[in-house]
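Dear colleague,

I am passing this structure on to you, and below I set out what was found in it. Please read the notes with the structure open beside you.

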Amino acid sequence: MNISAIVAVSILVPFAGFLLNFLFGSKIPKSLVSIIGCGSILIALAMNIMLFVSALDGPATITYFNWIHAGSFSVDFSFLIDRLSVLMLLIITGVGFLIHLYSVGYMHDDDAYFRYFAYLNLFVFFMQMLVMGSNYLIAFIGWEGVGLCSYLLIGFWYKNTNYNNAAKKAFIMNRIGDLGFLIGIFWIFNQFGSINYKEVFAGAQGFIINNNYNDTVIIFITVLLFIGAIGKSAQIPLYTWLPDAMAGPTPVSALIHAATMVTAGIYVIVRSHVLYSLAPFTQDIIAIVGITTAFFAATIGLAQNDIKKVLAYSTVSQLGYMFVALGVGAYGSGMFHLMTHAFFKALLFLCAGSVIHAMGGEQDMRVMGGLRKKLPITFITMLTGTLAISGIPPFAGFFSKDEILAKAYEHNPILWVVGLITAVITAVYMFRMLFLTFYGNFRGDAHQESHLHESPSTMTIPLMVLAVLSLVGGFLGIPEVFGGKHILNDYFAPIFSDIATVPHTGTVLSHSMEFILMAVSVGLVLVAIYFASRMFIKKTAEGMDEEPKGFAKLLANKYYVDEIYDTLIVKPADWFSGFIYRFLELDFIDGMVNGIGRATNYSGKTIRKLQTGHIGFYLFAMTICIVILILINNFFIS
Amino acid sequence: MINAFLIAWPLFSVLLILAMGKDRAKWTALMAAIVQFCVTIYAWTQFVPTAGVQFGTDMEWIPQLGIHFNVGIDGISMLVVLLTNLLAPLIILSSVRKNYERPTLFYSLVLIMQAALVGVFTARDMFLYYIFWELALVPIYLIVLIYGAENRVKITFKFFIYTMFGSLLMLVGILYLYYLTPAPHNFDINTLSNLHPDAHAQGWIFWAFFIAFAIKMPVFPFHTWQPDTYTTAPAQGTMLLSGIMLKMGIYSVIRWILPIVPMGVQDWGKVALVLSLIGIVYGSWIAITQKDFKRLLAYSSFAHVGLISAAIFTLTLTGLQGSMIQMFSHGINIVGLFFIAQIIYDRTGTFQLPNLGGLMKKAPVLAACFLIILLGSVGLPLTDGFVGEFMMLSGTYQASPWIAAVAGLTIIFSAVYMFRLYQSSMLGELKPVPSTRDENFEDVKGSETIVLVIIAFLVVIIGIYPKPLLDTTEPAITAILKNIPNVDIWQ
């Protein structure tokens, strides 16, 4: 099979899966729906492995047909297979396949089982398009398409109005970012005469050669693309949709709202790394937004009682780390964390799903507790995920997170300090979650307790695979301090070779210093875990119902950001809509139109009264008018 | 000759309808429209985009006044004729479940209107064009007046007077141009395009024409007849108005204003563009809290048309090409959306969103088609709406990034009001139906399914492969832009 056929199969098979299940899913047995849904992703995964092998030899661009053109503007349906896109593809279809498999068990009793798999396949289709596109517009197809799937899956249980509102909010917030992205694309075309990655980045080389950094145009372009990334990857100020997105089924949260879609913003910036390297100003903005979001979201995570909400804020926070990496120019480290995060966060969500499954749909950790005996596999795997995200060696998160922290320290020690504090907070809220769920005594009712059970094997097998990945994934990037080989850096070297000549700001850490930083962070995290265990293991049902006070209340209410947005933006916008409709539209503009009509009517009625029928009056009026005309003629015209 | 046939055939079909009697009126009309559509498709396959005006007929009509029956199809006309003759059978098909009183009259009016529209879109003699323009107004006026909802007399009167006012302004402009032509005078488009009146006169002519077209589209602030008329008109009337008739205004700007008064466009196009921009934001903003299904669609259409009009006045190839394809897409999408409004009304007896909800459970096929068409309307990539929206915004960007930023708000707004519309009608819990007409909300069936599936299919196909449509219009648009001196008014 040639590469063009492989790409076509990889993209189209998930789409075919979507069509089959969407159109005929209600008429065929569930087992067939599952086979179509999972099978199509498995085929795509097989194709992507072939693409991976081929990309190791060098990049390839495959063009199918011309999509949009006008004069010199032309966009093709064209795909780029290189080391960056294939890594993303492997994550999407690899993790994606596991999550599809898991869903077979998790969604088994749902009436709209077929619709669920149809949407999930559609998501994979769009996500692949996003990362495979060879120009910004094909990427934008995927970019908006995954937003649609996110909308459909958040609002999957469409009878619930809150879920529908969450879905709508996600789509609209994403669209705000999308507008930035779109204008960024226009600007790119205007500057480089093309929106193909190849030509744009070749054009950008000119800036590097001329040592032209922080050019206004490049700053605008990079900031606009970053606005798109803020929406998609849930950063401040457009992050509030992601916690609400937890309304969707849990495997969806794992796939879309943790492992893949929300990392699209990272991908696009890494893809455009040449442009970002030309704009240190934008990079600083990204680092600041990233670190602020990481810290801010982590603090909210401390006070959430919904197990999925904790993980959602944790996702926002971890995405913040990735942006910090991009902001300090460590694109490879950002990708490294993207990958390990995909493993351990998908794992954590799926574990949470397993817990929720056992609890009969309950998500409130206050009524859980002591589950580790009833759900041993879920417990072990979730512990793995928690250790990974907390950055305990040798789990995957340790390597990727500490790499980001080290790079941040080289750039600016303040970033490192805030990043470290965030890491400590992360460990606290994650272990709080683990302890509240699996330790202590069960705090739910007797019915729930009798129902507790370990999940079926279609669910536990993906957990185990992801747990292994969360354990070994970090070995792809062993730091030099440990004398290991950084496989991922070597892998990405060809991708980032085009910015090799960009001067590196900041200091280079000595090995001893790097070792000290690492020791400090691991030490502090261990202390944090110890305190978390003291605080949360022995929680009783009574202790749970305390109303949070002071700062804790602020955290539990997520700093009231939703309320602030509602008061400052949503309500005034609605009010203004009604206002312009009633006053400007109906009273003023339409009133004027009708007024002209009425005035005509009225003047007609009035003037009619002059038609009295008296010849004398007519002669009199005629004479007066003639006199006036003569006067006008004499005085004004001549 | 094909062009003349496309005007004559619907008129001839009126005789067929009269001959066949009222029981068979709708099927006769449908067959006639399908024949018309097939001939149009044939013409399109024969059409050579780079070859200028084709399939033409030019005969003397009133030689004393230099008036010709001169019609012909270039790329711009081809697209709108295709749209008209594609939508006409769909609109007729959408009406077959609904038994209009006096069907012979109703379907005759639809077909007369179709003939007049093809005339408007292909006339190359401005007097002839004006006749068709007026002729198109009468059937729709009668359709709304006879078959409309309550208040129809008052609302149609306003609609009629408003559009007549615009037409008269245009007539003044036409006569002015006519007397500028070298004696013996004529109305030929080529003569008129080569008149080059002085800049001052061009300004006046620009406004005389633009206000007439702006009322038809409509452009802010000439739009207040539109929501009332769309809400009052019967479903098929609204579809004709929004799907095809408003394209008369857009088409005419490109066909007549740009070539005849280029200097007027340079002087005043910016004002028109700003009015259009205001319309985008203003219409969208009103749409987000509308409670009436049809009125919400009316304001959304008004906002979308604002973008089409704004893109024209950027005078960029990308912007104009975007306008052309968006005319096509908008026609398809809005007809689908108004049809859905009617389907829901037929079953529930209400257009009020607070009384609706949860219909997806009962009507999954309707919900799926609605979603696809709605995605076209919000311009999701791989739907028809995206191609046009992207190109138009790209055109506005070339004019100025700030214009693009304002115009681009449409992609946020449209998501707000469209998804609200979808949620409040399709999602949530099923509401008790206020009317007793249909206790158990039925999914679409028969002709309804056919129409919606065709529209949904077109939404996706055009989104994936718009090239044939873009190729049809590009040479003609390029030719028009070439004749505008100093196009880079924004640089």
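Against which helices of chain B do the buried residues of α18(B) pack? They pack against α3 (75-93), α13 (317-348), α15 (364-378), α16 (384-399) and α19 (467-482) of chain B. Before I say more about this helix, please keep in mind that the model is predicted, with an ipTM of 0.91 and a pTM of 0.92.

Helix α18 of chain B runs over residues 447-464, and its 18 residues should span 26 Å at 1.5 Å a residue, which agrees with the 26 Å between its end C-alpha atoms. Its buried residues are Glu448(B), Val451(B), Leu452(B), Ile455(B), Ala456(B), Leu458(B), Val459(B), Ile462(B) and Gly463(B). They cover an arc of only 155 degrees around the axis, which puts them on the same side of α18(B). The general background is that an α-helix has 3.6 residues a turn, so residues three or four places apart point the same way. On the face of α18(B) turned away from the buried side, the exposed residues are Phe457(B) and Ile461(B).

Turning to chain B as a whole, its secondary structure comes to 19 helices and 2 strands. The radius of gyration of chain B is 21 Å, close to the 23 Å that the globule rule gives for 491 residues, so chain B is as compact as a globular protein of that length. Its C-alpha trace spans about 70 × 55 × 45 Å along the principal axes, and 61% of its 491 residues count as buried. Among the contacts in chain B with a separation of 6 or more, 81% are made by residues 24 or more positions apart. The pLDDT of chain B averages 91, with 97% of the residues scoring at least 70; within this chain, confidence is lowest in helix α14 (residues 359-362), at a mean of 86, and highest in α3(B), at 96.

A few local features of chain B gather around helix α8. Ile211(B) is found in this helix, which covers residues 199-216, and with 17 C-beta neighbours inside 10 Å Ile211(B) counts as partly exposed. Leaving aside neighbours within four places in sequence, Ile211(B) is in contact with Gly166(B), Leu169(B) and Phe222(B); the C-alpha atoms of Ile211(B) and Gly166(B), 45 residues apart along the chain, are separated by 6.1 Å. In the loop between α8 and α9 (225-232) of chain B lies Pro218(B), which is joined to Met217(B) by a cis peptide bond with omega about -5 degrees. The loop between α7 (189-193) and α8 of chain B holds His196(B), which has a positive phi of about 45 degrees although it is not a glycine, and which is partly exposed, with 14 other C-beta atoms within 10 Å.

Chain A is divided into domain 1 (332-500 + 509-547) and domain 2 (564-637), and the C-alpha centres of these two domains lie 73 Å apart. Its mean pLDDT is 89, and 98% of its residues reach 70 or more, but some care is needed with helix α23 (residues 541-544), where confidence in chain A is lowest, at a mean of 64.

Helix α3 of chain A, residues 83-106, has 24 residues and reaches 34 Å from its first C-alpha to its last, close to the 34 Å expected at 1.5 Å a residue. Of those 24 residues 22 are buried, so α3(A) is largely enclosed by the rest of the structure. Pro394(A) lies in the loop between α16 and α17 (396-411) of chain A, and the peptide bond that leads to it from Pro393(A) is cis, with omega near 5 degrees. Tyr560(A), in the loop between α24 (550-556) and α25 of chain A, is not a glycine but has a positive phi of about 60 degrees, and with 12 C-beta neighbours inside 10 Å Tyr560(A) counts as exposed.

Finally, where the chains meet, 37 residues of chain A are in contact with 40 residues of chain B. On the side of chain A that touches chain B, the elements giving two or more residues are β1 (60-70), α5 (136-154), α6 (161-192) and α25 (561-608) of chain A, and the largest share, 12 residues, comes from α6(A).

With best wishes

Terms used: Residues numbered from 1 in each chain as written. Chains lettered and ligands numbered in written order. Predicted model: local features only at pLDDT ≥ 70, side-chain atom pairs only at ≥ 80, totals over all residues. Helix = DSSP H or I, 4+ residues; strand = E, 2+ residues; numbered from the N terminus. Rg over C-alpha atoms; globule rule 2.2 N^0.38 Å. Buried ≥ 20, exposed ≤ 12 C-beta atoms within 10 Å, placed from the backbone. Contact = placed C-beta atoms within 7 Å. Domains from an automatic or database assignment. Expected span 1.5 Å × (residues − 1). Arc of directions from axis to C-beta. pLDDT = per-residue confidence, 0-100.
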